[in-house]
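Visitor: I would like to take a close look at a single part of this model. Could you guide me through it slowly?

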Amino acid sequence: MSFQQNLSLAEEFFIKKDFKSAIENYYKALSDDSENTFVLNRVASCYLLLNNLDKAMSYYEKIIEINPTNIDGYISISKIYEFKIYIERAIDYIKLALSQEPENITLLETLAVLLIDNKNFEEALILLNNRLIKVNPTSANFFLLGKIYENLEYEDMALLNYTKSIQVSDGNIDSKFSLARLLYKKNDHENALNYLNEILEV
């Protein structure tokens, strides 16, 4: 069978969620075109759906070896490491992706979240203040900044950024809840309860 015939058969199995049969036919297609990144990605997806995370990662690795600018490959590996709670490795792969696209906002925001999850608060603070807030002052990014300041015990700066987050988007429940909790802690019970009431009314 030709490459296209094997690929078409593999795709049929993939749609039917018969991932083992799909892999067999993707392998046959790869025997004719071993560096086809679409097929390699499909194989990786099959292994992922079969809960073979290490095998899936090995194919995402092949994709970025063939094409180092394939950002999705780095993101996929990072997500698997994050899923396995290897946050430092997840961070490493997002940084590798950023070496290819340094101004990619999605990658920068992903890095900020991972740094916070890994308690790298100082590095996350520099990233948000020096880059993300300047180019993408979203409600979500002000929330992250507030979260960092709160963890670093700069409560006034945390309050300021949670407030900015709400000013940008009044619907940011995470910021309202964090603001309410922090105000309550500082004995501003009236305003704290007002924010809590807004959340409960949503």
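Visitor: Is K176 buried or exposed, and what can be said about the helix around it?

Guide: The model is a predicted one, and in it K176 is buried, with a relative accessible area of 5%. The side chain of K176 meets that of E198 in a salt bridge, at 2.8 Å from N to O. Because K176 lies in helix α11 and E198 in helix α12, this pair ties together parts that are 22 residues apart in sequence. E198, for its part, is partly exposed, with a relative accessible area of 32%.

Helix α11 covers residues 173–185 and also holds S178, which is buried at a relative accessible area of 7%. Leaving aside residues up to four places away in sequence, S178 touches F143 and Y162.

K185, also in helix α11, counts as exposed at 57% relative accessibility. K185 forms a salt bridge with E155, and the closest N and O atoms are 2.6 Å apart. Since E155 belongs to helix α10 (residues 155–168), the pair ties together parts that are 30 residues apart in sequence. E155 forms a salt bridge with K186 as well, where the closest N and O atoms are 3.8 Å apart. That pair links distant parts of the chain, 31 residues apart, with K186 in the loop between α11 and α12 and E155 in helix α10. K186 is partly exposed, its relative accessible area being 36%. Together with D156, the residues E155, K185 and K186 are linked in a network of salt bridges, and the structure holds 12 salt bridges.

Methods
Residues numbered from 1 in each chain as written. Predicted model: local features only at pLDDT ≥ 70, side-chain atom pairs only at ≥ 80, totals over all residues. Heavy atoms only, no water. Helix = DSSP H or I, 4+ residues; strand = E, 2+ residues; numbered from the N terminus. Buried < 20%, exposed > 50% of the residue type's maximum accessible area, 1.4 Å probe, protein only. Contact = heavy atoms within 4.5 Å. Salt bridge = Lys/Arg side-chain N within 4 Å of Asp/Glu carboxyl O.
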